[in-house]
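Welcome, and thanks for opening the viewer. Set the display to a cartoon view, keep the selection box at hand, and we will walk through the structure stop by stop.

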Amino acid sequence: MNEENETLRWPTNLDHDGMVKRLVEVRARAVEAGLADLALRLEGVETVPSAELGAKVIGALTLIQEKPEFLAITTQLAMVAMNLKNLK
């Protein structure tokens with residue numbers, strides 16, 4: 001994920017596939033960072049229905065938002081959360 005310029009303009013038109021792609025990347029980062037509980041929350045995002053995907057994103061964001069040392073992961077989850085309105 002390239003966050004260098006994303007703070008200037010967040011993508012607000014991610015579709016389902018775009019959200020899933022970011023969540024898979026977030027899950028991999030969570031594993032690398034030793035955040036097994038976060039990675040577990042994002043397990044199966046590739047195949048869950050849209051309503052469940054939204055619940056997973058909100059649950060994951062709630063879990064990590066109070067941990068400033070993981071700001072890059074939080075930012076990616078927030079971007080996906082902003083796009084949940086695009087789920088069909």
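Which residues of α3 are buried? Select Ser50, Leu53, Gly54, Lys56, Val57, Gly59, Ala60, Leu61 and Ile64, for these are the buried ones in α3. Here buried means under 20% relative accessible area, exposed means over 50%, and partly exposed is in between, with a 1.4 Å probe and protein chains only.

Before going further, a word on what is on screen. This is a predicted model, in which local features need pLDDT of at least 70 and side-chain atom pairs count only at pLDDT 80 or more, while totals for chains, interfaces and linings use all residues. Residues are numbered from 1 along each chain as its sequence is written, and side-chain values use heavy atoms, with hydrogens and water left out.

**The whole chain**

Zoom out and colour by secondary structure. You will find four helices and zero strands in the protein chain, in the pattern α-α-α-α when read along the sequence. Helices (H or I, at least four residues) and strands (E, at least two) are DSSP runs, numbered from the N terminus. The protein chain has 88 residues, and 43% of them count as buried. Among its contacts with a separation of 6 or more, 62% come from residues 24 or more positions apart. Contact means heavy atoms within 4.5 Å.

**Helix α3**

Return to α3, residues 50–64. This helix has 15 residues and reaches 21 Å from its first C-alpha to its last, close to the 21 Å expected at 1.5 Å a residue. The expected span of a helix is 1.5 Å times one less than its number of residues. Now show the surroundings of the buried residues of α3: what covers them includes α1, α2 and α4.

**Helix α1 and its crossing with α3**

Next, select residues 16–32, which form α1. At 1.5 Å a residue, the 17 residues of α1 should span 24 Å, and the end C-alpha atoms are 24 Å apart, so the two values agree. Highlight Gly18, Met19, Val20, Arg22, Leu23, Val26, Arg27 and Ala30, the buried residues of α1. They pack against α2, α3 and α4.

Keep α1 and α3 together on screen. Their axes come within 12 Å and cross at roughly 40 degrees. Axes are lines fitted to C-alpha atoms, for helices over the stretch in contact, and angles run from 0 to 180 degrees between N-to-C directions. The crossing of α1 and α3 is left-handed, a term used if the near helix is turned anticlockwise from the far one by less than a right angle (clockwise would be right-handed).

Which residues make this contact? Show His16, Val20 and Leu23 on α1, with Ser50, Leu53 and Val57 on α3. By class, the contact of α1 with α3 has four nonpolar, two polar and no charged residues. Ala, Val, Leu, Ile, Met, Phe, Trp, Tyr, Cys and Pro count as nonpolar, Asp, Glu, Lys and Arg as charged, and the others, Gly among them, as polar.

Before leaving α1, click on Gly34, just after this helix: Gly34 takes a positive phi of about 75 degrees.

**The salt bridge**

How many salt bridges does the structure hold? There is one, so called because a side-chain nitrogen of Lys or Arg lies within 4 Å of a carboxyl oxygen of Asp or Glu. Select Arg27 and Glu46, whose side chains meet at 2.6 Å, N to O. Arg27 lies in helix α1 and Glu46 in the loop between α2 and α3, so the pair ties together parts that are 19 residues apart in sequence. Arg27 counts as buried at 14% relative accessibility, while Glu46 counts as partly exposed at 40%.

From Arg27, step across to Leu40: their C-alpha atoms, 13 residues apart along the chain, are separated by 8.1 Å. Leu40 lies in helix α2 and is exposed, with a relative accessible area of 61%.

**Helix α4**

For the last stop, select residues 71–82, the twelve residues of helix α4. Its buried residues are Ile73, Thr74, Thr75, Gln76, Leu77, Ala78, Met79 and Val80. What covers them includes α1, α2 and α3.

Pick out Thr74, which is buried with a relative accessible area of 14%. Leaving aside its neighbours within four places in sequence, Thr74 is in contact with Leu61, Ile64 and Gln65.

Finish at Met79, also in helix α4. Is Met79 buried or exposed? At 0% relative accessibility, Met79 counts as buried. Draw a line from its C-alpha atom to that of Leu14: the two residues are 65 apart along the chain, and these atoms are separated by 8.9 Å.
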